[in-house]
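Me: I should like to take a close look at a single part of this structure and then see how that part fits into its surroundings. Please explain each term as it arises.

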Amino acid sequence: MLAVIVVSVSFGACEPNEEAAEALARVTPPGSELMSQQAPRVQRPTFSNVRGPRLDPYEAPGRWPFYWTRAVYSSGYRGYGRGWSTDYPKGDQQFLVVLKRLVRLNAYDWENAVRLDDPVLRRFPVIYMVEPGYMNMTDSEVEGLRGFLDAGGFMVVDDFWGEDEWRQFEYNIRRVFPDKGIVDITLDHPIYSAYYDIEEVMQVPAINNIMRGFTAECRYWPCDPQVKGIYDEKGRLMVIINFNTDLGDAWEWAENPSYPLKYSTYAYEMGANMIVYAMSH
Amino acid sequence: MERIFEFLFKYRPLVFEQGEFGFAAPGSVRLWLAVAGLVGAAAVASYTIARGKSTVPDRGVMAGLRVALFALLFVCLLQPALTLSTVVPQQNFVGVLIDDSQSMLLAGEDGAPRTAFLQEAFTSESELLTELSDRFALRFFRFSDVAARIDGADELSFDGTHTNLAAALDAAREELSGVPLSGLIMVTDGAHNSDRPLTEALVPLQAAGVPVFTIGLGEEAITPDIEIGRVEMPRAVLEGSALIVDVVVSQTGFGGRAVPIIVEDEQQILTEQIVDLGPDGEPVVARIHLDLEGDGPRRLHFRIPVQPGERVERNNARDVQIEVRGEREKILYLEGEPRFELKFMRRAVAEDENIQLVILQRTAEGKYLRLEISDSTELEFGFPTSREELYRYRSLVLGSVEASFFTHDQLQMIADFVSHRGGGLLMLGGRSSFAEGGWTGTPVEEVMPVVLGEPAGGDDGFFAEVAVRPTPAGLTHAAVQLGLDADAVSTHWDSLPAVTIVNPISEVRPGGTVLLSGSSPDLSEDQVVMAFQRYGRGKSIAMTVQDTWLWQMIPPLEDQSHETFWKQVLRWLIDGVPESVQVITEQEQVEPGESVRLVATVGDSTYIEVNDASVTASITSPSGLIEDVAVEWSVERDGEYAVEFRPSELGAYEVEVTAERDGMPLGSDLTYLHTAPSDEEHFGASRHTQTLRRIAEETGGQYYTPDNIETLPEDITITGAGVTLVEQMPLWDMPIIFLLMLTLMGAEWGFRRMRGLV
């Protein structure tokens, strides 16, 4: 069922970032233009400031029970400082479309990016953070993230690879929680059965790599996919870390016939499970 | 005043009240009227014919005065009289009921106890007793909680710990039912501290025509004094619940003062709170917050230290029994979609050992996430489809789930869950809740405390961000208390962030009470945020906010408002929810040897009353002796079983009732009873004039105080029942008539002098 939905949902991308667009151009399979033309293209204004896009100013936070919210943080990503926006906003929009088909979720239809040091972050108890391998949070962002998680927020981390990026992420998350351990989330954890029954942790490749025949991005180091977590004092999971894997690309490129279905399926299953779990535990 | 009346009218007012007015002169009234007319006409004619200096008006005045004089004289000739029945001396009985309870020993302002009156009035040498004995055969009774015959007032001991006026009247009436009874004299302070209503005793007396003459002793207000009037507290509470106890404190002579109320149990002082006593003579309610740890029966002692000069010291303390229940109670929370409200409510009560919040969350059509279930079969097929399955839960929380999710039977089942099973129902705000969820017109709508109108229109529906504040009712309600006093509660709510509502509700049903309301500059009227009502045996709560989790996410971490709120609300939701088998004792505390009634209600797993169950009470005394007593169906009500027993030891009795039918267990329940000497006579110990007046008036008797007791024997003679004879009491020689005649004659003479007609 999930596979059918994933391949059948063809979504008009709004503003894919430049790198992703380049990758798409390199790997565009025959017939994809036709597919793109057939799909309804929904154009929506973007709302930006120097630190990144924000919620539609005409949209009142709280109108919808759920907002898929991307964490905006500072980084030195290739000199642009926009590591948070990888796959944004197409990945977010496409994820929401499929997620709403799979889960009975009354969600806001559009992307929602919020800075970690913005007080409004507390109104969105689940946030999504990508590419933390280049993150370099400011002190106010560290404070904001700590307050968010301590209050009961839940963070999904995704799309960073290899030892260097891990160290960078770990350095930053240690600034948030110096004393909290980062532990493996084994397959007996309820997050793997919150919605779908997931029996193995799969490495989800970025689209660039799978086109070249790789799944791992870190070809020179050990690169097993790992799911780790950070728990609060009461044993409640508050951060789930998808390391050496890229769920976001699978959500973003699920409609691309060249992107293997099994990865998209797994990514959406994992995404649904993380959302259902985060909204009930 | 009564003496002046008697001087002018010859008899006391009571005689006029009881007697029937008439004329005793022989002959026809018409004949007498004709004669009177002729005499009157002659008088008028004599003034009409006469001439001289008088004018026509002069002659009119004088004729009128003369006619009035003749009329008065004429009335006397008719021999006016009162006809009334009086009891025949020494052929009738009078019962004298004397209060033998401890309160009779209380000293008055002059230092003399109330019993001093008895020694004056009811000893063999007393004038009152002599007069009564001359007219009636007297029978004496002593009474406190029970009544008994005695030979005289010298047998009284004044050691009764309760006063039951109704039982005393019943006993005397029954004892004297075979003899001609003129009336009952009841000597008491009127403090009736039994549960039995007085009306039950007064109706048979009215039917038998037996008047009761009450003599009230003691002062109407004992000053200065402080009394703990009553302590309002549930008989059972879930362990760890925030308990709010109302203590009614009354006082005279201590107005404007502040005194401490100390609450302690067997081991320690639990809390101490200062209460302002307010204006002199006006009772105040002190609201005390208690946290009771540890399950089992607890005996709480509420006391106010004795203040200098207090007249009664033993009414400054009260003991109250409470059972702290340690069970883990199940609440079913059905959520129609993944929502943060569920996550944060779960977190709020996760560490509450007494609440098991079972989650059934619809994640897709026909797909559910189940959490906190007891076993893998629980809610295996979704929401319960039978009453037996649903009634296992004590309360039900409905999240954002549309009414069409349920079958009609399930909707009816939810309504019955509240009205019949006695469960608690809480509906949360959301896109699929209330009218927006299609609940209007369903059986559940009737249960809800709020009025559901038409669903909010428009593409986007209704949406409002509101600031939540407690209503006056909410300020004092335990469920929404976020501070220790009303000011703190209000301030605390003001500090919480605004939340959102998508269900516009501004009206509650007639039985509903609003505890929280929401306001917004964008709205013309306040929205109902939280309201509740009792419905049948249970209660329903409407909570229209869809994101109370903002109270957790936004305030500082140390703020526990969200946790406290939901813990209190969910505990309130399950508070008082009955089991299928329940037992209570009609009194919380009795004295050793005093009878206590044990009442059990028995139902099956669907809470349908069962009348053919085998019910046994296992009573464990403080020393460990166990006695099994069969509890029989009371016949008065379906499913009600009752038995009386008399505890003989001092201390705590444990009573466990088990019920079974056809060898299958229906359930069991536990309750506790404390036996101890009672101080009840020292509470409300002033004279209860209203009660005593009521007894007298409803039975045709009279109310007296020691100051006006001397007319009692004659009053009984006039108004009493029994063997009577008809007596005529002439009125023509009343002094008032002679005075009137003199006045009329003097008026005519004076008029003539004034007009120069003499």
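Reply: The account below begins with one helix of chain A and then moves outwards to the rest of the model.

This is a predicted model, in which local features need pLDDT of at least 70, side-chain atom pairs count only at pLDDT 80 or more, and totals for chains, interfaces and linings use all residues. Residues are numbered from 1 along each chain as its sequence is written, while chains are lettered from A and ligands numbered from 1 in the order in which they are written.

The part chosen is helix 6 of chain A, residues 162-176. Helices (H or I, at least four residues) and strands (E, at least two) are DSSP runs, numbered from the N terminus. Helix 6 of chain A has 15 residues, and the distance from its first C-alpha to its last is 21 Å, close to the expected 21 Å. The expected span of a helix is 1.5 Å times one less than its number of residues.

Which residues of helix 6 of chain A are buried? They are E165(A), W166(A), F169(A), N172(A), I173(A) and V176(A). These buried residues lie on the same side of helix 6 of chain A because they cover an arc of only 135 degrees around the axis. The arc is that of the directions from the helix axis to the C-beta atoms. On the other side of helix 6 of chain A, R167(A) and Y171(A) are exposed. A residue is buried if 20 or more other C-beta atoms lie within 10 Å of its own, exposed if 12 or fewer, and partly exposed in between, with C-beta atoms placed from the backbone.

The cover over the buried residues of helix 6 of chain A includes helix 5 (139-151) and strand 9 (237-243) of chain A. Helix 5 leads on to the partner chain. In all, 23 residues of chain A are in contact with 26 residues of chain B; two residues are in contact if their C-beta atoms, placed from the backbone, lie within 7 Å. Helix 5 and helix 9 (261-278) of chain A are the elements that give two or more residues to the side of chain A that touches chain B. That side divides into 12 nonpolar, six polar and five charged residues. Here Ala, Val, Leu, Ile, Met, Phe, Trp, Tyr, Cys and Pro count as nonpolar, Asp, Glu, Lys and Arg as charged, and the others, Gly among them, as polar.

Helix 9 of chain A contains G271(A). G271(A) counts as buried because it has 26 C-beta neighbours inside 10 Å. Leaving aside neighbours within four places in sequence, G271(A) is in contact with F95(A), L99(A), L247(A) and W251(A).

The largest nonpolar core has 170 residues, of which M155(A) and I331(B) touch the most other members. Helix 9 of chain A gives the most to this core, with 11 residues. A nonpolar core is a set of buried Ala, Val, Leu, Ile, Met, Phe, Trp, Tyr and Cys residues joined through C-beta atoms within 7 Å. Beyond four places in sequence, the contacts of I331(B) include I355(B), L357(B), Y393(B) and L570(B).

Finally, the two chains may be described as wholes. Chain A has nine helices and nine strands, and 47% of its 281 residues count as buried. Chain B has 19 helices and 35 strands, and buried residues make up 38% of its 758 residues. The C-alpha trace of chain B spans about 120 × 70 × 55 Å along its principal axes.
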